[in-house]
Amino acid sequence: MPVTVAVAFLLITVGSVVFHFWSPWWWTEVASNWGGMDDTIILTFWITGFVFVVICLFVSYCVWKFAYRKDRIAEYKPEDNKLEKRLTWITTLGVAALLAPGLVVWNNYVTVPENAYKVEVFAYQWGWKYRLPGDDGVLGKTDIRYISDENPFGLILEDPNGKDDRLVDGDELHLLLDRSVKFELRTIDVLHNFYVPQFRGKMDMVPGIITYYWITPTKTGDYEVLCAEYCGSGHYAMRGRVIVDKEQDYKKWEAKQITFEKMLVQNKKNKNLQLAKSNK
Amino acid sequence: MSDEHEHKLEAKSDYTADASSVGASDIDAVPEAELPDQDLYHSHSWWTTYVFSQDAKYIGIQYALTAIGTGLLGLVLSWLMRIQLAFPGLGLLEPAAYYQFVTMHGMIMVIYLLTALFLGGFGNLLIPLMCGSRDMAFPYVNMLSYWAFVVAVLVLLASFFVPGGPTGAGWTLYPPQAITAGTPGSNMGIILMLISLILFVAGFTMGGLNYIITVLQLRARGMTLMRMPLTIWGIFTATVLALLAFPALLVGCLMMTLDSMLGTSFFMPAMVSMGEKLSYDGGSPILFQHLFWFFGHPEVYIVALPAFGIVSDLLSVHARKNIFGYRMMVWAIVGIGALSFFVWAHHMYVSGMNPWFGFFFATTTLIIAVPTALKVYNWIITLWRANIQLTLPMLFSLAFIVTFLNGGLTGLFLGNVTVDVPLSDTYFVVAHFHMVMGIAPILVVFGAIYHWYPLITGRMLNETLGKIHFWVTFVGSYAIYFPMHYQGFVGVPRRYFEIYESPYIETSTLVLNQFITIAALIVGAAQLVFLYNIITSARLGKKSEKNPWKANSLEWHTPQMPPEHGNWGKETPKVYRWAYDYSVPGAKEDYIPQNVPPSEVIGAKVEKT
Amino acid sequence: MSKSKGIIESLFEKPWEKDQIEIDNKHQGRTLNLSKYKVGLRTIMVVSTVIFSLFIVAYSDRMLVHDWRTMPEPWLLWLNTGVIILGSLIFHFTKLASDKNKNDKTKNGLYLVGFLAYSFLIGQLLAWYQLMSSGYYATTNVANAFFYLFTTLHGLHLIGGLYFWGRTTSKFLSKNSKAEDVKHSIELCAIYWHFLLVVWLVLFGLMLFT
């Protein structure tokens, strides 16, 4: 019995390690500047994996070695201060080794470079829209009360910065390769979270405030956007696309996006057209 | 401080050294009790004996059965969810139903099963017995506590039958989605959930009052705080945490109820829901998250600390060795409890709160890992040079060490703010918290039931069935949750009704989902074996001898087993030692119960180490 | 306070050592030198304090948002504050009277305290009425909602207190029992009354100054 149990625990330990190294399930290739997050995970894996294996092996050994015998008596030892002190220090060191690089990367994550290109990600139940700042590089101010069919982003009409903002129709966003981008995250209803697995970044979108994070895309490609904060029955279907382009392709796409000013004009035309139609 | 320890280490447990020079009556002498014995309520009718019982032992069993019954519902819900995830082609569930089941499963398991079972169940059963009291301090309030819990459960279940069904807001109940259209059960369902939680908190406060006062004030003579078994330390500290943390849940629930029913804007910002502008303005959804996690994180330890305590005792009894570093274990329990109020926002790294909080909460979170690690070390050092009996409680305890270790270590991933960014809201989180606060505490619950079943029924559980139950549960649940972490690495988000074809999620992920689901169904089925064992053994099980595990703590040393009303017959016990005098050198047996007077164990003596 | 220090000190005891065993064997099994009722009352007060503190935190957080409109305090609240202060004072004197076994004084004190408590509750309801008739509903602004929430919770606490006041009073009145028999209950009720007074003053002050 003790041998069986010890072997079973041993197998579970070995099995975990084998699974870790040979399983086909691993993260997607990183496509942004956040490779540092992957490195921190790897470091965490080595440290915690070591602890896991050592402790499990110790348990297996004890189960086999100190199995019950009627003629034996266990050691009587209430505590061992030296040992406990030593373990405390080793653990503290290990924990510090995990924490320090983590905090460094986090510091980068929350410090947005000043020249980052700003893009508004606009979330609603259940889809994505995007807004680019236009030629002035500034996103116009918005207010949820201004939202209407004619003004789907709720841009404040009086704000001149908003006039040249490009509104992306549809849930497909293009990003320029190697240009840092700050996502300004906005939602008009419930919580959402803009998540592209390959970019590693993540931040909740909260109605009433604008949250953000930044990345630099480092690999061209076509990536899926997922909502990563539960937002109601359609949560699982709230997908979008992000495409990282080289300069030429990007410019082509950008030129196709309509500015807010043009859209207002178009809206007016449509309205007049409708009015004319209904007058007839 | 420590140098002093090292000297004293040599002299430990040397209390019988000069026993020969004094008479037995002298060394056994204990001062007279200053307080009169507790007045007890004696029931006269069937109703007051079995239904509205005021005997903590009965209340404990009532709590446990109600909690387990509710937990079975949670288990069935998890099956349905798993089948949907693995075999989306079957079309078993609608998205709304899936989210409702996710929510109810989570809430039931965390609050109505684990919290109620550990504190209401084991707390009521063990506190008076292990402390040497006749009953809880306020038996009537204790009875009210249980019935408030029953009403809370009934209200929760009622939400399945109201229009719109139960809430599908996720167990965190985040506003605004919890109470806006687009989320299932956003009308009646959520209101009933909030009312149920408020009732639970009210009921728990009544119970908690009892647990605290009984532990502090009603112990047997000689039972100092540092002589208490770690089980009591765990339950006691968890109760203190609960009394301080549940108010946050209560406050959040009350304010959300008003937002939902009256239309106030505590948590609700201006929003356009489904194309319609709502009348809310200015509320802060993040405020609710802070309140929720100020409760939610201590809640993790409300479940974990009793499990820590119980597993320490199980390991010690069945390894025939004193728990290693008892004082460190107590300090760790108290320290973890205190620290648990300073780490809540690690659930909110990517919630949109001020990102600079991340530095503080990552640091506090990793600090809490240190006392937790020390507990793990002390458990395994307890096994060193022990005399390990591989009984069922011992097996479950060993399995607890492995799963808790695994889940604790993945906590270091998520607690470290950077690593949390890619992993949060993925299956890594799901795997982590199920391993650490689902499977690990449940394994302790099983170990504890196998251990204390004879105390309750006077009969042993069937060992063969128990072994089947153990191996399937342990290996099976490990097979569920260990691979699930890797789904998280791939990036599969949690709370997805269906993952579809995704450019980066390969079909093999679906295969993994199927494997996990099959494992989950098998583990679930194994619980039927356990239930069968519990039910049949109550009548047909092998009669247990008194104190079948040869344990030291007081609950095994009542005049009758199972203990009767009032627990101790004519006189409450006198305590002469801590609960961990196992394998004391020179003693006749390898255990010396807490209430055995020194004169009976003359000769037992620790050799100098 | 020396007792709670005792708990922390006791965490460093080594229960397996000979010297400690001799000390521990004489222990009475009780940690605090208080009645279980008093410990219970203190626990309740701690839990209530946490609840009210969290509300105050939520209030302070919510206050900073642009849509906050401070609510005028009806003059009636000043009167109610006076009533609750008086209630607390009289409970104090009632407690002193019961300590000295003065039956009549205790009885009158208990009646007066109950009367004041009910007056306070009715006063609070009138204040609600006053506010609502001038258009300050809970839904009008969240500041009003906080006011209704605070007063409701505080009122519920007082109603809870009145239950125990009622039990104490009826016990006192039943078959010529003496002030001595209910001394402890009166003391506990008085403590609770003072606690509710402090809570009210904090809440009222908070709403007054913001």
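A residue counts as buried when its relative accessible area is under 20%. Arg221(B) has 9%, so Arg221(B) is buried. The model is predicted, and every value below is computed from it.

Start with Arg221(B). Its side chain meets that of Glu571(B) in a salt bridge, with N and O 3.3 Å apart. The pair joins distant parts of chain B, 350 residues apart. Arg221(B) sits in the loop between H7 and H8, while Glu571(B) belongs to the segment after helix H16 (507–540). The two ends are not equally covered. Glu571(B) has 48% relative accessibility, so it counts as partly exposed. Glu571(B) also has a salt bridge to Lys574(B), at 4.0 Å from N to O. Lys574(B) is partly exposed too, with a relative accessible area of 26%.

Now turn to the contact between chain A and chain B. Chain A brings 99 residues and chain B brings 122 residues. Together they bury about 9,800 Å², and carbon and sulfur atoms give 70% of that area. Within chain A, the residues that lose the most area to chain B are Trp25(A), Tyr76(A) and Tyr230(A). Together these three make up 10% of what the chain A side buries.

What ionic and polar links cross between chain A and chain B? There are 2 salt bridges and 32 residue pairs in polar contact, both residues at pLDDT 80 or more. The elements of chain A that each supply at least two residues to this side include helix H1 (2–22), helix H2 (35–65) and helix H3 (81–110). Strands S6 (192–195), S8 (211–215) and S9 (221–227) of chain A are also among them. H3(A) gives the most, with 19 residues. By class, the chain A side divides into 59 nonpolar, 23 polar and 17 charged residues.

One salt bridge between chain A and chain B pairs Glu79(A) with Arg327(B), at 3.0 Å from N to O. Arg327(B) lies in H10(B), where it is buried. Other buried residues of H10(B) include Tyr326(B), Met328(B), Met329(B) and Val330(B). Further along, Ala332(B), Ile333(B), Ile336(B) and Gly337(B) are buried as well. The helix has 14 residues. From first C-alpha to last it reaches 20 Å, close to the 20 Å expected at 1.5 Å a residue.

Thr183(B) also touches chain A. Thr183(B) is found in the loop between helix H6 (139–158) and H7 of chain B. Is Thr183(B) buried or exposed? Its relative accessible area is 5%, so Thr183(B) is buried. Leaving aside neighbours within four places in sequence, Thr183(B) is in contact with Tyr230(A), Gly232(A) and Ser233(A) from chain A. From chain B, its contacts are Gly168(B), Ala169(B) and Gln177(B). A polar atom of the Thr183(B) side chain lies 2.7 Å from the backbone oxygen of Gln177(B).

Next comes the contact between chain B and chain C. Here chain B gives 62 residues and chain C gives 46 residues. The buried area is about 4,800 Å², of which carbon and sulfur atoms give 69%. Gln217(B), Phe266(B) and Arg327(B) supply 12% of the area that chain B buries against chain C, more than any other three residues. Arg327(B), then, takes part here as well as in the salt bridge to Glu79(A).

The count of salt bridges between chain B and chain C is 1. Arg227(B) forms it with Asp24(C), the closest N and O atoms being 3.6 Å apart. Polar contacts number 16 residue pairs, both residues at pLDDT 80 or more. On the chain B side, the elements that give two or more residues are helix H1 (2–9), helix H7 (188–217), helix H8 (230–261), helix H9 (285–318) and helix H10 (326–339). H8(B) has the largest share, 10 residues. This side holds 38 nonpolar, 13 polar and 11 charged residues.

Salt bridges also occur within single chains. In chain C, Lys18(C) pairs with Glu22(C), with the closest N and O atoms 4.0 Å apart. Both lie in helix H2 (residues 18–24) of chain C, 4 residues apart, about one turn of the helix. Glu22(C) has 43% relative accessibility, so it counts as partly exposed. In chain A, a network of salt bridges links Glu120(A), Arg131(A), Asp165(A) and Arg186(A). Over all chains, the count comes to 27 salt bridges.

Key
Residues are numbered from 1 along each chain as its sequence is written. Chains are lettered from A and ligands numbered from 1 in the order in which they are written. Side-chain values use heavy atoms; hydrogens and water are left out. Contact means heavy atoms within 4.5 Å. Buried area is the accessible area (1.4 Å probe) that two parts lose on being put together, summed over both. A polar contact is a pair of N or O atoms within 3.5 Å; within protein, one must be able to donate a hydrogen and the other to accept it, and residues adjacent in sequence count only if both atoms are side-chain atoms. Ala, Val, Leu, Ile, Met, Phe, Trp, Tyr, Cys and Pro count as nonpolar, Asp, Glu, Lys and Arg as charged, and the others, Gly among them, as polar. The expected span of a helix is 1.5 Å times one less than its number of residues. Buried means under 20% relative accessible area, exposed over 50%, partly exposed in between (1.4 Å probe, protein chains only).
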